[in-house]
Amino acid sequence: MRSSVPRLVVAAPSSGSGKTTVATGLMAAFAARGLAVSPHKVGPDYIDPGYHALATGRAGRNLDAYLCGPELVAPLFLHGARGCDLAVVEGVMGLYDGAAGEGELASTAHVAKLLRAPVVLVVDASSQSRSVAALVHGFASWDPEVRVGGVILNKVASDRHEELLREALDAAGVPVLGVLRRVPQVDTPSRHLGLVPVAERRAGAVDAVAAMASQVEQGCDLEALLGLARSAGTLPGAPWDPPLTTTGRRTVVAVAGGPAFTFSYAEHTELLTAAGAEVVTFDPLRDEQLPEDTAGLVIGGGFPEVYAGELSANEPLRKAVAELALRGAPVAAECAGLLYLCRELDGRPMCGVLDATARMSERLTLGYRDAVAVGDSVLAAAGTRMRGHEFHRTVVAPGAGAAPAWGVRTPVRRVEGFVQRGVHASYLHTHWAAEPGVAHRFVERCRTS
């Protein structure tokens, strides 16, 4: 089977060059023209896809060749892009930066090759003129399998500066598809783990996306960019679909949402639904009870440390979560969910499901992890291998329970997380599409617990 979806990958020589502004602006500008735009993000990032969703009206989806394996990148892309006129993929870090020590694996360049997609290179031109040609030439020629189809110059100071840049790039043979002037930064506030998520600043986020779209529409040749996207041609293979594994009655799985728990993959909900779950989202900041008939609970990542006071103040819900876990109901918690299940977070009472405390730290823990399930749990049988990602500035003590969740092999060998009764709690973010049996196992345990 072959599919033809016009597509672009928006990349840059390094972080901070303007990828998010350009990618999100392109998504919004093309959507405003009436195109159905499919938004994607390379890597494990949870925050940028929220802005992408706001720009397009469709779920922002991740393409992670490390967590899911290279073989799933194109199928997951085709799944998200069904029925769309255009797909825009925002890259991660610099074009050729991938998983540490793994060569090109999980880099933007790797994903571009897997998608057979042309790359648009966003270059911060604020402190250069003729040197831009050497920079672009180097990136365009480094890997012959990566097709750099054009460049967008960002932070250009003046008409004269633009003229010098264009003259230099004529010799590099890479067309200039856009020029963005040096303007006050679009209001996208950041904090300790990156941009503030859309769910925490809805009105401000809407304004920010509109500003990105305006900037891109004024400075970029949208017709040329669309033409480049249409030159991508066909992509072999079939779209990914969550396997239908329903074997009994539908059962309610509550999924934490709201401003404190914003990190999730769209495919997780799809997998749970295909396994027979009725997925109901609730907000631990505001809802005092779990959804009616809750049989299992999923608490993903986010920023509980920012909302520790409000989460702690919602004592009725904390008690409801503790009672559910005490009954042995399946509970899957990742990172923020792990913190919420502890006795306390920064001195404030949490759910008390785990005999552990959590606190903020100055140290950033970041990176991909190879992991193996130490014992049986509601998510995985002992010996199940999965890849995960850690991204936090908190510390949990102890770091593992009497029955750990994972044995981690990178960067050093250690055990991590907690398995007790029906609870599986860990710092590791995992992508269930890589191991769809996880969702089926979880829902079956919800049905029978």
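Trainee: How much space lies in the second largest pocket?
Mentor: About 890 Å³. A pocket here is an open set of points on a 1 Å grid over the protein atoms alone, with protein on both sides within 12 Å along at least five of seven lines, whereas a cavity is a set where a 1.4 Å probe fits but cannot get out. Grid points are joined across faces, edges and corners, and the volume is the space filled by probe spheres set on the points. Keep in mind that this is a predicted model: local features need pLDDT of at least 70, side-chain atom pairs count only at pLDDT 80 or more, and totals for chains, interfaces and linings use all residues. Residues are numbered from 1 along each chain as its sequence is written, and side-chain values use heavy atoms, with hydrogens and water left out.

Trainee: Which residues are closest to the centre of that pocket?
Mentor: Phe-261, Thr-262, Phe-263, Ser-264 and Tyr-265, out of 43 that line the second largest pocket. A lining residue has an atom within 4 Å of a point.

Trainee: And which helices and strands each supply at least two residues of the lining?
Mentor: Helices H2 (48-56) and H9 (266-274), plus strands S12 (251-256), S13 (277-282), S14, S15 and S23. Helices (H or I, at least four residues) and strands (E, at least two) are DSSP runs, numbered from the N terminus.

Trainee: S15, then. Which strands do bridges join to S15?
Mentor: S14 (residues 294-299) is joined to S15 by 3 bridges, and the two run parallel. S23 (residues 423-426) is joined to S15 by 4 bridges, also parallel. Two strands pair if DSSP finds at least two bridges between them.

Trainee: What stands opposite Val-331?
Mentor: Leu-297 stands opposite Val-331 in S15. Val-331 also stands opposite Val-423 in S23.

Trainee: Are the faces of S15 covered or open?
Mentor: Both faces are covered. Val-331 and Ala-333 sit on one side, Ala-332 and Glu-334 on the other, and all are buried. Buried means under 20% relative accessible area, exposed over 50%, and partly exposed in between (1.4 Å probe, protein chains only). In a regular strand the side chains alternate between the two faces of the sheet.

Trainee: Switching to the largest nonpolar core. Which members touch the most others?
Mentor: Phe-77, Leu-115, Leu-153, Leu-225, Leu-272 and Phe-442, in a core of 113 residues. Helix H1 (residues 19-32) gives the most to this core, with 7 residues. A second, separate core has 39 residues, including Leu-297 and Val-353. A nonpolar core is a set of buried Ala, Val, Leu, Ile, Met, Phe, Trp, Tyr and Cys residues joined through side-chain atoms within 4.5 Å.

Trainee: What does Leu-153 touch?
Mentor: Val-123, Ala-125, Val-132, Leu-165, Leu-169, Val-176, Gly-178, Val-179 and Leu-180, not counting residues up to four places away in sequence. Contact means heavy atoms within 4.5 Å.

Trainee: How many residues of helix H3 are buried?
Mentor: 9 of the 11 residues of H3 (70-80) are buried. Among them are Leu-72, Phe-77 and His-79.

Trainee: Cysteines next. How many disulfides does the count come to?
Mentor: The count is 0, taking a disulfide as a pair of cysteine sulfur atoms within 2.5 Å.

Trainee: Why no bond for Cys-342?
Mentor: Because the closest cysteine sulfur, in Cys-351, is 9.5 Å from the sulfur of Cys-342, too far for a bond. Cys-342 is buried, at 0% relative accessibility. Cys-220 also counts as buried, at 10%.

Trainee: Where does Ala-106 lie?
Mentor: In the loop between strand S5 (86-90) and helix H4 (108-115). Ala-106 counts as buried because its relative accessible area is 5%. Its contacts include Val-42, Asp-64 and Tyr-368.

Trainee: Any backbone oddities? Which peptide bond is cis?
Mentor: The one from Ala-397 to Pro-398, with omega near -5°. Pro-398 is in the loop between strands S19 (385-397) and S20 (406-408).

Trainee: Which residues other than glycine have a positive phi?
Mentor: Arg-116, with phi near 50°, and Asp-293, with phi near 65°, are two to look at. Arg-116 lies in the loop between H4 and strand S6 (119-124) and is partly exposed, at 46% relative accessible area. Asp-293 is in the loop between S13 and S14 and is exposed, at 61%.
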